[in-house]
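Please open the model in the viewer and keep the sequence panel visible. The tour begins with one term, continues with the chain as a whole, and then moves to individual residues.

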Amino acid sequence: MTLTDAGDAALVVAIGRYREDALAEAYRRHGGAVFALARRVLGDPARAEEVVQEVFLRLWNSPDKFDPERGTLRSFLLASTHGRAVDLLRSDVSRRRREERDALATAEAGYDLEHEVWDMAVADRVKEAVGALPVDERRAIELAYFGGHTYREVAQLLGAPEGTVKSRIRSGLHRMRGVLAEPRIGIMGAEG
């Protein structure tokens, strides 16, 4: 009897006797199904090939784990494939979560108290400067810079010509520049 005619149980016995041709026959019979399952679970042909290699290597190293009374060799190999592929997915999810957690911790660690205080002080000064503007200028600047609208959209929202809106914004920014350039911010900026 040749290996191509042998049943799965006889094939696994031959693998246990280190017959490479028996492993090749097992691969010929079931390699396609193992690869298809791994690719379907992982969605990545390259990683699926790695899983196929691992599954058949495990069969080579531990053929005694296959029990023909519990099912076919194909079902045994597919169960191993599914388990390994799911392990890889779980590992990927864990790694991604760990990287996100590390990135968040790094980002938080880089933002120290001194910068936070400085940012709050600047924000307060900008808020004061915007609040001190005439209503027409303030509204145009708020829509353009804090609302993310284009000058044309601001003009439509305010019901004013675009040229007028541009003038209001330019005038408002000029006033703000004067207020924000006062020594209080300048000194803090030189220290920061």
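A residue is called exposed when its relative accessible area is over 50%, buried when that area is under 20%, and partly exposed in between. The model on display is a predicted one.

**The whole chain**

Select the entire protein chain and show it as a cartoon. Nine helices and zero strands make up its secondary structure; read from the N terminus, the order is therefore α-α-α-α-α-α-α-α-α, with helices and strands taken as DSSP runs.

Next, turn the chain along its principal axes. The C-alpha atoms occupy a box of roughly 100 × 40 × 25 Å. The radius of gyration is 35 Å, whereas a compact globule of 192 residues would have one near 16 Å.

Now switch on the surface. The accessible surface of the protein chain amounts to about 12700 Å², and carbon and sulfur atoms contribute 53% of that area. Of the 192 residues, 27% are buried.

Colour the charged side chains. There are 29 positive and 31 negative ones in the protein chain, and the centres of these two sets are 5 Å apart.

If the viewer can draw contacts, display those with a separation of 6 or more along the protein chain. Residues 24 or more positions apart account for 56% of them.

**First stop: Y18**

Select Y18, which is located in the loop between α1 and α2. Is Y18 buried or exposed? Its relative accessibility is 62%, so Y18 counts as exposed. The backbone deserves attention too: Y18 has a positive phi of about 60°, although it is not a glycine.

Keep Y18 selected and add W60. The structure holds three aromatic pairs. One of them joins Y18 and W60: the ring centres are 5.8 Å apart and the planes stand at 70°, so this pair is edge-to-face. The two partners come from distant parts of the chain, 42 residues apart, with Y18 in the loop between α1 (8-16) and α2 (20-42) and W60 in helix α3 (residues 45-61).

**Second stop: R40**

Move to R40, in helix α2. How exposed is R40? The relative accessible area of R40 is 64%, so this residue is exposed. Add R90 to the selection and draw a line between the two C-alpha atoms. R40 and R90 are 50 residues apart along the chain, and their C-alpha atoms are separated by 15 Å.

**Third stop: T72**

Finally, select T72. Where is T72 found? This residue is in the loop between α3 and α4 (73-110). With a relative accessibility of 47%, T72 counts as partly exposed. Add A9 and draw a second line. Along the chain T72 and A9 are 63 residues apart, while their C-alpha atoms are separated by 8.4 Å.

How values were computed
Residues are numbered from 1 along each chain as its sequence is written. This is a predicted model: local features need pLDDT of at least 70, side-chain atom pairs count only at pLDDT 80 or more; totals for chains, interfaces and linings use all residues. Side-chain values use heavy atoms; hydrogens and water are left out. Helices (H or I, at least four residues) and strands (E, at least two) are DSSP runs, numbered from the N terminus. The radius of gyration is taken over C-alpha atoms; the globule rule is 2.2 Å times the number of residues to the power 0.38. Buried means under 20% relative accessible area, exposed over 50%, partly exposed in between (1.4 Å probe, protein chains only). Contact means heavy atoms within 4.5 Å. Accessible areas come from the Shrake-Rupley method with a 1.4 Å probe; for residues, only the protein chains shown count as cover. Lys and Arg count as positive and Asp and Glu as negative; His and the chain ends are not counted. The place of a charge is taken as NZ of Lys, CZ of Arg, CG of Asp or CD of Glu. Rings of Phe, Tyr and Trp (its six-membered ring) pair if their centres lie within 6.5 Å; planes under 30 degrees apart count as stacked, over 60 as edge-to-face and the rest as tilted.
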